[in-house]
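Me: I'd love a close look at one part of this protein and what surrounds it. Could you walk me through it slowly, residue by residue where that helps?

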Amino acid sequence: MLLEVRDLSVNYGHIEAIRDLSFEVPEGTVVTLIGANGAGKSTTLKTISGLRKIRAGSVFYEGKDLAKVSPDRRVQMGISQSPEGRGIFPGMTVRENLEMGAYVRRDRNTAALAPDFERVLTLFPRLQERIKQPAGNLSGGEQQMLAIGRALMAQPRLLLLDEPSMGLAPKLIHQIFRIIEEINSQGTTVLLVEQNAAQALRRADHAYLLETGEIVRSGTGAELAGDAAVRAAYLGGDT
């Protein structure tokens, strides 16, 4: 198993953000977490990345307990995140942003990075056109492409995607999800947090529904998409 989350509980101050959360991410799959705002989805990804402190429970990556592993070391081990809100560096060029994604790698010379640049710019041709421009000048969709591309520059085995469709037009949403499918087909495992439940479940090998910090339903993407309660609560307005 590539990733195992066991009985995980995380607090924000005195507020319990997630409690007794347990799920698995097999290698080579797309696993999605869906749920309303405040359900604990982004907190879960931040905890896996090492950005939130665990109150109870464990996170295992390739069988190794990550409790004492720093965030940068987790990236070196193969866990990379594209954060909610994109988090690009607006004053830096597209190329410089992509180079930042490879910062924790030991092989940061130009020759070593060339195959990763080629991969990212093949997935996102628009970034090639903008390669010398400041990232702050990009459209919202282009910035999302850059955030995902930057995460890929770390050569992840596990890619954490937090709300990749947020704020995008429907045409761009379909494009981003097609690219996620392509990334997965190239061998990268994907753990996806997404409010557009219809698009997420359509691509998911397995899915978990979070409500108020707990998993209340799980199954294949198709099973959750066909669940009457899930459809009524989360699929009515998705495209």
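Reply: Setting aside neighbours within four places in sequence, E142 is in contact with R126, L127 and R130. One of these partners also meets E142 through a polar contact: the side chains of E142 and R126 are joined at 2.6 Å. Please keep in mind that this is a predicted model. E142 is found in helix α6. Is E142 buried or exposed? E142 counts as buried because its relative accessibility is 7%, and the cut-off for buried is under 20%.

Let's widen the view to the helix itself. The buried state of E142 fits the picture for α6, which is mostly covered, with 12 of its 13 residues buried. The buried set runs through G141, E142, Q143, Q144, M145, L146, A147, I148, G149, R150, A151 and L152. What covers these buried residues? The cover includes strands β6 and β7, together with helices α3, α4, α5 and α7. As for the length of α6, its end C-alpha atoms are 19 Å apart, which agrees with the 18 Å that 13 residues should span at 1.5 Å a residue.

Now take the strands in that cover, starting with β6. S82 is placed in strand β6, which covers residues 79-82. With a relative accessibility of 1%, S82 counts as buried. Leaving out its neighbours within four places in sequence, S82 is in contact with Q144, A147, I148 and A151, and also with L160, L161 and D162. Four of those names will be familiar, since Q144, A147, I148 and A151 are among the buried residues of α6. Q143 is another buried residue of α6. The C-alpha atoms of S82 and Q143 are separated by 11 Å, and the two residues are 61 apart along the chain.

Strand β7 gives a second view of the helix. L159 lies in β7, and L159 counts as buried because its relative accessibility is 0%. Beyond its neighbours within four places in sequence, L159 is in contact with A151 and L152, as well as S80, I183, T188, T189, V190 and L191. A151 is thus in the contact list of L159 and in that of S82. There is also a link to an early part of the sequence: L159 and G28 are 131 residues apart along the chain, and their C-alpha atoms are separated by 11 Å.

Between α6 and β7 (158-162) there is a loop, and Q155 is found in it. Here the picture changes, for Q155 counts as partly exposed at 42% relative accessibility. The backbone of Q155 is worth a glance too: its phi is near 55°, a positive value in a residue other than glycine. Most residues other than glycine have a negative phi. E62 offers a parallel elsewhere in the chain, with phi near 50°, again a positive value in a residue other than glycine. E62 lies in the loop between β4 (56-61) and β5 (64-65), and E62 is partly exposed, with a relative accessible area of 45%.

Back to the helices around α6, where α4 deserves some time. Helix α4 spans residues 110-123, and its 14 residues reach 20 Å from the first C-alpha to the last, close to the 20 Å expected at 1.5 Å a residue. Where does α4 bend? The bend is at D116 and amounts to about 25°. D116 is also one of the buried residues of α4, along with L113, F117, V120, L121 and L123. Their cover includes α3 (94-101), α5 (125-129), α6 (140-152) and α7 (170-185). So far as rings go, F117 has a charged partner: R95 lies over the face of F117, at 4.6 Å from the ring centre.

A similar arrangement appears with R6, which lies over the face of F60 at 4.4 Å from the ring centre. To finish with rings, the structure holds one aromatic pair. F23 and Y208 form this pair, which is tilted, with 5.4 Å centre to centre and 50° between the planes. The pair links distant parts of the chain, since F23 is in strand β2 (residues 15-25) and Y208 is in strand β9 (residues 206-211), 185 residues apart. Both F23 and Y208 are buried.

Notes:
Residues are numbered from 1 along each chain as its sequence is written. This is a predicted model: local features need pLDDT of at least 70, side-chain atom pairs count only at pLDDT 80 or more; totals for chains, interfaces and linings use all residues. Side-chain values use heavy atoms; hydrogens and water are left out. Rings of Phe, Tyr and Trp (its six-membered ring) pair if their centres lie within 6.5 Å; planes under 30 degrees apart count as stacked, over 60 as edge-to-face and the rest as tilted. Helices (H or I, at least four residues) and strands (E, at least two) are DSSP runs, numbered from the N terminus. Buried means under 20% relative accessible area, exposed over 50%, partly exposed in between (1.4 Å probe, protein chains only). A charge sits over a ring if NZ of Lys or CZ of Arg is within 6 Å of the ring centre and within 35 degrees of the ring normal. The expected span of a helix is 1.5 Å times one less than its number of residues. The bend at a residue is the angle between axes fitted to the seven residues ending there and the seven starting there. Contact means heavy atoms within 4.5 Å. A polar contact is a pair of N or O atoms within 3.5 Å; within protein, one must be able to donate a hydrogen and the other to accept it, and residues adjacent in sequence count only if both atoms are side-chain atoms.
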